[in-house]
Structures are given as structure tokens and as C-alpha cells.
Amino acid sequence: MKTIYLVRHCQAAGQEPEALLTEKGEVQARELATFFAGFPIDRIISSPYHRAIATIQPLAQERGIVVEEDKRLVERVLSGVPREDWFERLRDTFNDLTLEFEGGESSLTAINRVNSLLTEILAEAHKEIVLVSHGCLLALLMKSIDDRFGFHDWEKLSNPDVFKLTCHLETRELVRIWT
């Protein structure tokens, strides 16, 4: 059995890769470290975006665990060009996983990207792993685990947010443990 904690980053000042956490986000990151105090975490993997790394850094420092950066955890790009209708189009991509916009990534491509990391994690020795990523990518990962997870669930995600994914031989159980 493996337990994987799916963490959405804390409140940030923007969406660009180098966006910093807000003051509130920095407090949230310390609260998250406290939240994980009783969990036997033995590996931390994060999106290379600053806000994701900063979210988990207090826990990593407390535990003496190196945060591994993995590009497969970066946020899914909906479109390479600005779209005024992005919200509606994002909803569409939860219904049609193959829908792809210019310069963007389909939901299916994003799911396959993040699931390639999950497959590697399930094959290795660590038992309690934290993955830190972004709202849309995590929502798509959760949709791949439980098809009932959809656009409206993405809308309800908070910063930060934590889901516990318990993986047995053939089954996976997903439970929200922080909001």
C-alpha cells in the first residue's frame, strides 16, 4: 500500500511560474507543515513553479527531505493565446478530454503526463509521498482516478488543498483531508 498526498499550492500572487506566495500563502505553508506533523512522509515531489516549492518547503526543511522537482507536475496550459472565454472552454475540456486549443494541452495529454509520474511512484519503494502541483492538473489527475470528479469539483478547490490517495494493489481511494 502507498499513500500519496496530492497538494494544491498555497495562495500565490500570480499564475506565472515565478509567482511568489502571498503573505497569507506563506502562513498557509507553515500551517501545512504543522498539519503533516504526524504523517510519516518519506518523499516530496513538486512542480518546479516557485509557488509549489514554497508551499512545501517548510515541511521539507523540518523533515530534512529534499524537494524533488518534476516538470510533469506543472500546471496544464489551456491555451497558448489569451482567451476571454477561458472559463467556459476549461469546462468543455473536462467533458471532452481530447479537446485542445492552440498552444494548449488537452486534458488527456495532461492526465497522461501526470499519470506517468504516478506509475513511477507506485513502482518504487517510498510509502508516503507528497506531490505538490496546481489546481487544474490535480483535478484532472483526480478525474482519472474517479471519473465523477469534474469541473465543478475543480471550482471548489482551495489554496491550499490536500487529498489523500491510498493505492492498494488494484484499488485507489481518494479522500479530501484539508480545505
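How many of the 7 residues of β5 are buried? In this predicted model, the count is 6 of the 7, so β5 is largely enclosed by the rest of the structure. That strand makes a handy way into the fold, and the sheet around it comes next.

The sheet is an open one built from 6 strands, and reading across it gives the order β3-β2-β4-β1-β5-β6. Its pairing is mixed. At the edges stand β3 (67–69) and β6 (172–178); each has a single partner strand, so one side of each is left without a neighbour in the sheet. On average, and with direction ignored, neighbouring strands are turned by 25° against each other.

Now for the neighbours of β5. On one side, strand β1 (residues 2–8) runs antiparallel to β5 (residues 161–167), and 7 bridges join the two. Three of the pairings can be picked out by residue. K2 of β1 has C167 as its bridge partner in β5, L6 is matched with F163 of β5, and V7 stands opposite V162 in β5. On the other side, β5 pairs with β6, again in the antiparallel sense, over 6 bridges. Here V162 turns up once more, this time with W178 of β6 as its bridge partner. The link between β5 and β6 is a hairpin, with 4 residues between the two strands.

Just ahead of β5 there is a backbone feature to look at. The peptide bond that joins N159 and P160 is cis, with omega at about -5°. P160 itself sits in the loop between α6 (151–155) and β5.

Strand β1 deserves a look of its own. Its burial covers 7 of its 7 residues, so β1 is largely enclosed by the rest of the structure. In a regular strand, side chains alternate between the two faces of the sheet. In β1, K2, I4, L6 and R8 point one way, while T3, Y5 and V7 point the other way, and all of them are buried. The burial therefore takes in K2 and R8 as well as residues such as I4 and L6. Besides its pairing with β5, β1 also pairs with β4, in the parallel sense and over 6 bridges. Within that pairing, Y5 stands opposite V130 in β4.

Helices lie across the sheet too. Helix α1 lies across β1, β5 and β6, and runs at about 125° to β6. Helix α5 (residues 135–145) lies across β1, β4 (128–133), β5 and β6, running at about 145° to β1.

What about helix against helix? The axes of α1 (residues 23–35) and α2 (residues 50–63) come within 8 Å and cross at roughly 40°, and the two are therefore oblique to each other. The crossing is right-handed. On the α1 side the contact is made by A29, R30, L32 and A33, and on the α2 side by A54, T55, P58, L59 and E62. Sorted by class, that contact of α1 with α2 has 6 nonpolar, 1 polar and 2 charged residues.

A second helix pair involves α5. The axes of α4 (residues 107–123) and α5 come within 9 Å and cross at roughly 80°, which means that α4 is roughly perpendicular to α5. From α4, the contact takes in S107, A110, I111, R113, V114, N115 and L118; from α5, it takes in L137, L140, L141 and S144. By class, the residues of this contact divide into 7 nonpolar, 3 polar and 1 charged.

One last residue is found away from the strands. D96 lies in the loop between α3 (86–95) and α4. With a relative accessible area of 34%, D96 is partly exposed. Its C-alpha atom is separated by 26 Å from that of K164, and the two residues are 68 apart along the chain.

Conventions
Residues are numbered from 1 along each chain as its sequence is written. This is a predicted model: local features need pLDDT of at least 70, side-chain atom pairs count only at pLDDT 80 or more; totals for chains, interfaces and linings use all residues. Side-chain values use heavy atoms; hydrogens and water are left out. Axes are lines fitted to C-alpha atoms, for helices over the stretch in contact, and angles run from 0 to 180 degrees between N-to-C directions. Angles under 35 degrees count as roughly parallel, over 145 as roughly antiparallel, 65 to 115 as roughly perpendicular and the rest as oblique. A crossing is left-handed if the near helix is turned anticlockwise from the far one by less than a right angle, and right-handed if clockwise. Contact means heavy atoms within 4.5 Å. Ala, Val, Leu, Ile, Met, Phe, Trp, Tyr, Cys and Pro count as nonpolar, Asp, Glu, Lys and Arg as charged, and the others, Gly among them, as polar. Two strands pair if DSSP finds at least two bridges between them. Buried means under 20% relative accessible area, exposed over 50%, partly exposed in between (1.4 Å probe, protein chains only).
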